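The report that follows describes how helices and strands are arranged in one model, and how far its coordinates can be trusted. Please read it with the structure open.

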Amino acid sequence: MSTAKFAASELKTNDDAELVYLLDALKRIIEIRTVEQYAQDLSQATPPLYMGSSHLCAGQEVVPVATIAGLNEKDQIVATYRGHGWAIAAGLSLTEVFGEICQRSIGINGGRGGSAYMMAPWGRFIGENSIVGAGLPIACGVAQANKLQGNGQVVAVSLGDGAFNQGATHEGLAFAAARNLPVLILCENNGWSEMTKISETVKVNRIAQRASGYGMPGLTIDGTDPIAVRETVRKAADRARADGGPILIECRVPRLWGHYNRDIEHYRSKEDRQAARDIDPITTISKRLMSAGVMQPEDLDKLFREAKAKMEFVMTAVFDAPPIDVSTAARHVWAEQKTGAAKSQKTVPAATKSMSFISAVNEALSKELETCPEVLVYGEDVGYAGGIFGASRNLQKTYGEHRVFDTPISESAILGSAIGSALMGMKPIVEIMWGDFMLVALDQLINQAANIRYITAGRSEVPMVVRTQQGSTPGACAQHSQSLEALLAHIPGLRVALPSTPQDAYDILRSAVAHPDPCIIFEARTLYQLSGQVNVSKPVEPIGKADLKRAGNSAVIVTWGTMVRIALEAAESLEKDGYKIAVLDLRWLSPLDEKTLYKAVKDAGGRTVIVHEANLTGGFGGEIVARLHEMIGSEVALKIRRVATPDVRMPAAPSLSEQLLPNIDRITAALKEVMADTTPLK
């Protein structure tokens, strides 16, 4: 695709149809400008009529209006936080948009998203994104789902010029190119990266020049010309629909107002502001229409009056709407537990096999691919090679490259694309090779996946599964050995599990796939070769079930993951002394099976040792201690000890790491402390 094919000079701007379109585009632009002027005024009133920042698109309205005109009616949109124009152009009503800006019950998200984060994934407007650059990986996932579903849809994602210095943007570009996705990447280049001139941070004349480095076309067009934008988008979308892949379209636009609603632009020269006003699309388009004899100056005034009259009606509807029901503030963080119920399965004879932990993971992946056509399995080295640990071995051969595939080394793109695909009805199971590597892409889990159910008040969900492995192994350095479960269990909206046996590896993965919330499964490389009997005919169970691995009432060890096996050995070592030690494997930290936890601790007379591989401070063990004291501390005399890795980084040398990790001796010593006043059972 050459730039010449998209040149605005080739368009016949005097055709009657084009003049009609220009007039319609002008009406829509004025409507958007009026909405934002009202939003600006309300936020600057004394007192302000809504709180927080708004990022307004004055001067840039042509890009969303003309992009929508160049797309099909079902093509999707992912916008930046400067997205009011995109939301309106995509079909949301003025009342829904303005209501959300003003954080009212009548808003599209009932005030949960606000100005910079409104979304409607159930329609074509996937949503704004308040994190710079984060929308592109999600758009890749939407485009990936479109391609797999064969629906012929493309997705357009808007990014500011500053986003092209973000890692997530680069990963999204690489992912889109590698997967040849039907995604249109629109850069709205207003010359300002927030409060810094883009020329100071990007040393190429056109951001579109960067596209060639990813193997995709890049075009720079006049973003104030509705016909140029519409026709560029139309041709690019046709190309993407024909499996031509992604394209980067840089739209040069003015920024008429500040970066946000209270920006006084002290950093900006008068000359720069005037240069922006000179190319205000309302001015330039109306001049074109007047020179063609289509409208007169009084007609322009009439369009503004009509837009203001419409906004007065919208204002009344928004501020007369019922107040937000504050009793709902804590709802819709996670799916209701009833939605995590077991899959309906006929009772069949047990089919038990002896297999390793990693083989059980492979068996579960295969079962989900076989029984659920929406399931995708992907990540780094996951497809052809079958995964660095063999978890997906032979799955690509069996189920095809369209369902089991490799990705670039791009954790943000992997996780973000899983979000986008899940929003579109797919069930992605993605692998992050090491838990430590997930840290470079936590935005996609914490700021994106965890938010969507809540922001949409339960109307949208992200049924994705992230498999990763963590913990210390002999010789592993400090960047390959952290235990991070407490970090993600802290995040509302995420589910977190840590299997400890081959059977649990199989069951937990299948439970996670069946559940509509984003689930993170932390496996352990040290357990991958552990073998055991696995019943592969069991019904899929709800998430959040703990397992009492060993009964006893002298004391209870509460643990999960890698420490379960060691806890069992410690319990057995004290049996000869007459102590009956229970071992409770929590399996899931979110949701936490409090009922089983409290019963096990009560049965043990409050004598409890909590063991985890993660370092002590901030570990999930501290959360368990707090809950036990709050919930049953008045019912039973609690005597609790924690056994964990000290607060150090993990060394590579096995002789050093062995000194740090919890072991049988440390666990039995803690048990003896809590049982100091207990008579052994004979």
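## Confidence and architecture

Over residues 339–343 pLDDT, the predictor's confidence in each residue from 0 to 100, stays under 50, and for this stretch the model has 12 contacts (heavy atoms within 4.5 Å) beyond four places in sequence. Residues 1–13 likewise have pLDDT under 50, with 25 contacts beyond four places in sequence. Where pLDDT is low, the predicted coordinates should not be read in detail. The chain averages a pLDDT of 92, and 96% of the residues score at least 70.

This is a predicted model, in which local features need pLDDT of at least 70 and side-chain atom pairs count only at pLDDT 80 or more, whereas totals for chains, interfaces and linings use all residues. Residues are numbered from 1 along each chain as its sequence is written, and side-chain values use heavy atoms, with hydrogens and water left out.

Helices (H or I, at least four residues) and strands (E, at least two) are DSSP runs numbered from the N terminus. Two packings of helix 1 (residues 16–43) are set out below, with axes fitted to C-alpha atoms, for helices over the stretch in contact, and angles running from 0 to 180 degrees between N-to-C directions.

| Pair | Angle | Axis distance |
|---|---|---|
| Helix 1 and helix 9 (residues 281–291) | about 150 degrees | 10 Å |
| Helix 1 and helix 7 (residues 226–241) | about 105 degrees | 10 Å |

Helix 1 and helix 9 are therefore roughly antiparallel, a term for angles over 145 degrees. Their contact involves residues including Leu19, Leu22 and Arg33 of helix 1 and Pro281, Ile285 and Arg288 of helix 9. Helix 1 and helix 7 are therefore roughly perpendicular, the term for 65 to 115 degrees; Glu18, Tyr21, Leu22 and Ala25 of helix 1 meet Pro226, Ile227 and Arg230 of helix 7.

An open sheet of 6 strands has the order 2-1-3-4-8-7 with parallel pairing, where two strands pair if DSSP finds at least two bridges between them. Its edge strands, strand 2 (125–127) and strand 7 (218–222), each pair on one side only. Strand 7 runs parallel to strand 8 (residues 247–252) and is joined to it by 5 bridges; isoleucine 221 stands opposite cysteine 251 in strand 8. Helix 5 (residues 135–149) packs on the sheet, touching strand 1 (76–78), strand 2, strand 3 (155–160) and strand 4 (183–189), and its direction makes about 170 degrees with that of strand 3.

Notes
Parallel < 35°, antiparallel > 145°, perpendicular 65-115°, else oblique.
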